[in-house]
Amino acid sequence: TMVHPMVRESSEVQYGLNSGSLRPEPHLELVVDGVQHTVLVFRANISQRSAGRHVDFLLLSHEFFERRTERVIYPNPLTRRDVLRFYSLWNQAVGALLVR
C-alpha cells in the first residue's frame, strides 16, 4: 500500500472522486498546532494483470496537501510555519494509518 497526499486537481491531475474509482475509507482526526484537522482518506486499487502487479493507494485529502499542484509538489513557497504544519499533518496521517 502506498500513501499519497493529494495535490490540487487540474486538467492534468484527476483523481476521479466522482467516478466511483476511489472508495472512501474512515477519515483521520489529527491535531496540528493546537487545531483539530480532518483528513479524508480514499482507496484506489491499480492492477496490471499482464505484469502480475497490484498496488493499493491511500490518497489523503486536506487543504494543506491540496495547496500543492502537480508542478509544485513540495510545500514551497509557504511560510516556515506552513511547511511545519504540512509535514506535521503528513507524518501524523501516515502514523495513524500504520496503526489502523
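In this predicted model, Asp 56 counts as buried because its relative accessibility is 18%, which falls under the 20% cut-off. The residue sits in strand 4, and its side chain makes a polar contact of 3.5 Å with the side chain of Arg 43. Leaving aside residues up to four places away in sequence, Asp 56 also touches Thr 1, Met 2, Ala 44 and Asn 45.

Turning to the nonpolar residues, the largest core holds 15 residues, and the members touching the most others are Leu 28, Leu 30, Val 39, Leu 60, Phe 65 and Leu 89. Two or more residues each are given to this core by strand 2 (23-32), strand 3 (35-48), strand 4 (53-61), helix 1 (63-66) and helix 2 (80-98). Helix 2 supplies the largest share, with six residues. A second core, separate from this one, has five residues, with Met 6, Leu 22, Phe 42 and Leu 59 among them. As general background, nonpolar side chains in soluble globular proteins tend to be buried together.

Helix 2 itself merits a closer look. Its 19 residues should span 27 Å at 1.5 Å a residue, and the end C-alpha atoms are indeed 27 Å apart, so the two values agree. The buried residues along helix 2 are Asp 82, Val 83, Phe 86, Leu 89, Trp 90, Ala 93, Ala 96 and Leu 97. In an α-helix there are 3.6 residues a turn, so residues three or four places apart point the same way. Some of these helix residues meet Leu 30, whose contacts beyond four places in sequence include Leu 89, Ala 93 and Ala 96. Leu 30 also touches Val 35, Gln 36, His 37, Val 39 and Gln 92.

Conventions
Residues are numbered from 1 along each chain as its sequence is written. This is a predicted model: local features need pLDDT of at least 70, side-chain atom pairs count only at pLDDT 80 or more; totals for chains, interfaces and linings use all residues. Side-chain values use heavy atoms; hydrogens and water are left out. A nonpolar core is a set of buried Ala, Val, Leu, Ile, Met, Phe, Trp, Tyr and Cys residues joined through side-chain atoms within 4.5 Å. Buried means under 20% relative accessible area, exposed over 50%, partly exposed in between (1.4 Å probe, protein chains only). Helices (H or I, at least four residues) and strands (E, at least two) are DSSP runs, numbered from the N terminus. Contact means heavy atoms within 4.5 Å. A polar contact is a pair of N or O atoms within 3.5 Å; within protein, one must be able to donate a hydrogen and the other to accept it, and residues adjacent in sequence count only if both atoms are side-chain atoms. The expected span of a helix is 1.5 Å times one less than its number of residues.
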